[in-house]
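Let's practise reading charged side chains together. Take a look at the sequence and the 3D view, then work through the exercises below.

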Amino acid sequence: MKVVKNLTVAAALLISTIAVANTTATEFGKKTVAKYEVEKNLVKVNLDPVFVRKGQKIMMNLLNVSQGKVLLKVYDSEQRLVFDEAIEGDIVVEKAFNFEKAYRGEYTIVVVDKFGTYKSKMVVR
């Protein structure tokens with residue numbers, strides 16, 4: 001019985017020594033968070049479409065996380081609808097607009113999704 005008691009005391013001392021060794025001197029006696037706990041850092045993702053111009057072409061790329069309906073429209077300088085398309089269910093929406101054979105004037109590309117309305121202008125000379 002005396003041997004079991006001595007082993008229990010030795011085990012308790014060993015465990016408490018290990019616990020103290022894992023803390024710094026300034027943390028001793030204070031409530032602390034475990035050193036090996038994983039922190040979760042949230043990353044902010046920009047969901048606005050990206051418009052890239054190359055000559056008389058505009059490439060549009062949109063991350064559609066909601067996979068909802070995305071409306072793509074192009075208006076000319078007199079606010080006439082030149083192009084209209086609705087895309088639904090795609091997580092990435094990509095579209096190239098080619099203005100190489102378009103009439104002179106200013107065109108407005110409009111992208112509408114769940115989070116807002118976005119516009120880009122293109123001038124054809």
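**Exercise 1: a small network**

The side chains of Glu 78 and Arg 80 form a salt bridge, with N and O 3.7 Å apart. A salt bridge here is a side-chain nitrogen of Lys or Arg within 4 Å of a carboxyl oxygen of Asp or Glu. Before going on, note that this is a predicted model, where local features need pLDDT of at least 70, side-chain atom pairs count only at pLDDT 80 or more, and totals for chains, interfaces and linings use all residues. Residues are numbered from 1 along each chain as its sequence is written, and side-chain values use heavy atoms, leaving out hydrogens and water.

Task: find which residues are linked with Arg 80 in a network of salt bridges.

Solution.
- Step 1: Asp 76 also pairs with Arg 80, the closest N and O atoms being 2.7 Å apart.
- Step 2: Asp 76, Glu 78 and Arg 80 are therefore linked in a network, given how a salt bridge is defined.
- Step 3: Asp 76 is buried at 8% relative accessible area, whereas Glu 78 is exposed at 56%. Buried means under 20%, exposed over 50% and partly exposed in between (1.4 Å probe, protein chains only).

**Exercise 2: a bridge between strands**

Task: say which strands hold Asp 84 and Lys 73.

Solution.
- Step 1: the two side chains meet in a salt bridge, 3.7 Å from N to O.
- Step 2: Asp 84 lies in strand β4 (residues 81-88) and Lys 73 in strand β3 (residues 69-75), 11 residues apart. Strands are DSSP runs (E, at least two residues), numbered from the N terminus.
- Step 3: Asp 84 is partly exposed, at 47%.

Terms used. Helix = DSSP H or I, 4+ residues; strand = E, 2+ residues; numbered from the N terminus.
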